[in-house]
Amino acid sequence: MWPHLSKNRVSRIAWLGALALGYYVAVRLGLSFRFQNSIIGVVWIANAVLLAALLLTPVARWPWVLAVTAVTHLAAMLPDAALWRALWQIGINAALTTTTALVLRRFADLPLTLATRRQVLVYTVASFALAALFALGTPIVVRSALGLEPSYTHAVAWLRVALSNGAALLLVTPVIVLWGQHGLTPLERLTPRAMLEGGAIVVCLFTVGFVLFGTGSEIARFPALLMLIFPPLLWAAVRLGPLGASTALLGIAAVSAWGTAGQLGPFVAFSDATKVLSLQLFWITMSTPILLLAAVIREREQAESSLLTLRQHLTHATRVATAGELSGALAHELRQPLTAILANAQAARTLLDKGFADADELRMILDDIALQDRYAADVITRLRAFVQEREPHFEPIALDVVVRDALALTKALLDRIGVSVDADLPPDVPRVWGDAVQLVQVVLNLILNACESMYHTPAPERRLRVELARNDTHFVELAIADRGDGLPLGAQDKVFEPFFTTKETGLGLGLAIGRSIVTAHGGRLWGENNEGRGATFRVLLRATA
Amino acid sequence: MTSPYVAIVEDDDSVRVALGRLCRAYGMSTRELATAHELVASLTERRPDCVVLDLQLPDCDGLDADEWLRERGIELPVVIITGRDDTKRSSEHVVLPKPVDDTTLLAAIRNVLNGR
């Protein structure tokens with residue numbers, strides 16, 4: 001059963017040792033946390049530890065887990081209980097926890113993360129229903145039904161055992177399982193700000209906890225004060241996720257148990273039995289909504305982040321598509337230096353063969369070859385930078401450089417269709433906060449759009465004016481004016497809708513993606529028809545200074 | 001023909017200069033021109049034996065230039081070079097894709113010169 005690696009064996013033995021220790025402490029805690037005249041614990045943590053251990057191990061190792069906890073159970077119980085009772089408890093606890101673990105494995109999409117509503121609901125229902133069911137088989141319930149336990153009716157015994165186990169499974173198991181899966185990595189990954197917020201939540205929780213459960217019985221006269229517990233718990237659920245929420249719930253449960261046991265807090269006025277019931281109901285009613293809220297928030301965060309990833313993929317895919325549209329022009333742009341390099345090299349070779357070679361001329365030829373080579377490399381580098389899929393990287397960006405890059409990428413195309421470019425790009429315009437590649441994509445799409453709109457324009461009139469200026473103290477404006485067909489009258493914003501296109505080729509995504517990029521940069525992109533011919537598209541972006 | 005006189009019409013400076021060097025290395029004399037207009041203007045001075053014409057010129061299409069010359073009765077052997085992929089329009093001409101090898105270019109020039 002154990003792998004051959006001795007290192008693994010040592011760590012597994014250590015793990016089982018830790019389980020035995022944890023289980024022992026849990027049994028002793030459960031035994032000590034009982035009110036007078038009761039042999040049923042308020043919360044039977046030992047079962048929570050056992051269920052957590054089962055959830056954290058593969059089924060093949062369950063016999064070891066059950067064996068270790070059984071032996072520990074005997075060792076912890078025997079001073080207080082008869083052997084037959086301890087063995088009975090071991091049997092019924094093993095049945096409860098393995099059944100719960102099997103049901104969760106079947107229906108809850110383990111590993112347990114409590115990050116989906118479904119899992120929280122399945123977990124809550126399964127742990128409660130099974131705790132209630134298996135309580136029927138515990139020694140105390142069976143014996144009170146037979147009239148062998150004088151202190152309880154069988155219904156009361158059943159209710160108390162069920163709640164004791166149910167509360168434990170609900171409050172303690174998630175904390176052990178979630179921390180057991182993640183270790184301390186969630187803490188290590190915290191930013192200083194998140195750590196500060198987490199600290200503030202912990203301080204609030206304990207402050208409220210100690211005010212509510214650490215003060216005298218006068219607090220019982222203001223039951224509404226109990227509501228104070230919710231703001232910090234909701235804060236934890238919203239900001240710290242399932243791990244933080246379940247830990248916060250356990251913390252509050254511990255503080256309330258400690259206070260009630262010390263005859264403090266809002267429940268002290270009641271009899272012992274009612275005290276226990278109040279505590280249990282307080283924990284149970286509080287847990288499920290808080291865990292559900294944490295799951296809803298986590299689901300939303302995950303939906304948002306997958307949407308963001310999807311948008312990044314789409315942005316990249318449209319960039320690749322744009323590069324595809326440019327490929328003919330880019331091929332031409334590369335063939336020019338390649339032609340020059342080949343002709344130069346063959347000219348030099350021929351001169352050498354014929355013995356006409358003059359050192360100065362050869363030097364000039366070689367210099368030209370190097371120059372053309374660098375030019376070709378620049379074309380490739382620019383294209384690679386444009387189509388590469390990468391994480392967005394926001395930094396202060398000089399828009400004049402962005403526009404020059406976009407013009408360089410489209411130079412061959414502009415030359416081919418005979419568009420003359422008139423660019424006014426003062427270098428002293430303030431920088432904007434943005435992602436260079438995405439901004440090049442925006443400008444490039446606008447240039448391509450302008451080129452396409454000038455298809456019907458006579459060649460000598462195909463002009464593009466690109467103007468960059470500081471709009472006011474806070475904004476930089478880039479205007480790209482063409483002399484094309486202009487925007488459809490009365491529907492000037494329609495061109496920004498996805499899949500809106502007036503041409504036969506193309507997806508109609510260029511302007512839509514352009515607008516979504518600019519919006520994500522906190523800016524605006526819109527188009528308007530010119531007085532005379534064509535349209536002007538304007539990009540407004542916030543200046544960094 | 002010992003030393004043919006070749007006009008090279010190409011708007012890209014580096015390509016024009018390099019093609020000129022190549023032709024001269026093979027013993028031709030050359031005239032380097034950037035536009036079709038320059039070509040037309042140069043015809044009044046000395047008529048070239050052959051023109052190496054780029055298909056894509058800033059002032060006009062290389063084929064249009066050739067047509068323009070023919071309409072005016074100026075018969076010049078033309079070798080067309082192109083950086084574009086589409087060479088459909090020019091089936092009646094020799095169209096060489098860039099980058100062009102020296103042997104290919106020289107053979108094409110020789111062919112059009114002999115065909116005159």
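Colleague: How much area does chain B expose, and what share of it do carbon and sulfur atoms supply?

Modeller: Chain B exposes about 5500 Å², and carbon and sulfur atoms supply 46% of that area. Accessible areas come from the Shrake-Rupley method with a 1.4 Å probe, and for residues only the protein chains shown count as cover. This is a predicted model, in which local features need pLDDT of at least 70, side-chain atom pairs count only at pLDDT 80 or more, and totals for chains, interfaces and linings use all residues. Residues are numbered from 1 along each chain as its sequence is written, chains are lettered from A and ligands numbered from 1 in the order in which they are written, and side-chain values use heavy atoms, with hydrogens and water left out.

Colleague: What elements make up the secondary structure of chain B?

Modeller: Chain B has 4 helices and 5 strands, where helices (H or I, at least four residues) and strands (E, at least two) are DSSP runs numbered from the N terminus. Their order from the N terminus is β-α-β-α-β-α-β-β-α.

Colleague: What share of the residues of chain B count as buried?

Modeller: Of its 116 residues, 56% count as buried, a term for relative accessible area under 20%, with exposed over 50% and partly exposed in between (1.4 Å probe, protein chains only).

Colleague: What makes Leu114(A) count as buried or exposed?

Modeller: Leu114(A) has 1% relative accessibility and therefore counts as buried, the limit being under 20%. Asp109(A) has 57%, which is over 50%, so Asp109(A) counts as exposed. Leu114(A) lies in the loop between helix 4 and helix 5 of chain A, and Asp109(A) is found in that loop as well.

Colleague: What is the phi of each of these residues?

Modeller: Phi is near 50° in Asp109(A) and near 55° in Leu114(A). Most residues other than glycine have a negative phi, and most peptide bonds are trans.

Colleague: Which peptide bond leading to Pro111(A) is cis?

Modeller: The bond from Leu110(A) to Pro111(A) is cis, with omega near 5°. Pro111(A) sits in the loop between helix 4 (83-107) and helix 5 (117-135) of chain A. In chain B, the bond from Lys98(B) to Pro99(B) is cis, with omega near -5°, and Pro99(B) belongs to the loop between strand 5 (94-97) and helix 4 (102-114).

Colleague: How many residues of chain A and chain B are in contact with each other?

Modeller: 21 residues of chain A are in contact with 21 residues of chain B, contact meaning heavy atoms within 4.5 Å. The area buried between the two chains is about 1900 Å², with 54% of it from carbon and sulfur atoms; buried area is the accessible area (1.4 Å probe) that two parts lose on being put together, summed over both. Arg335(A), Gln336(A) and Thr339(A) supply 28% of the area that chain A buries against chain B, more than any other three residues.

Colleague: Why is the pair Asp368(A) and Arg21(B) called a salt bridge?

Modeller: The term requires a side-chain nitrogen of Lys or Arg within 4 Å of a carboxyl oxygen of Asp or Glu. The side chains of Asp368(A) and Arg21(B) meet at 3.0 Å, N to O, so the pair fits the rule. Across the interface of chain A and chain B, the rule finds 1 salt bridge.

Colleague: Which helices of chain A each supply at least two residues of the side that touches chain B?

Modeller: They are helix 12 (272-354), helix 13 (359-387) and helix 14 (399-417). Helix 12 gives the largest share, 14 residues.
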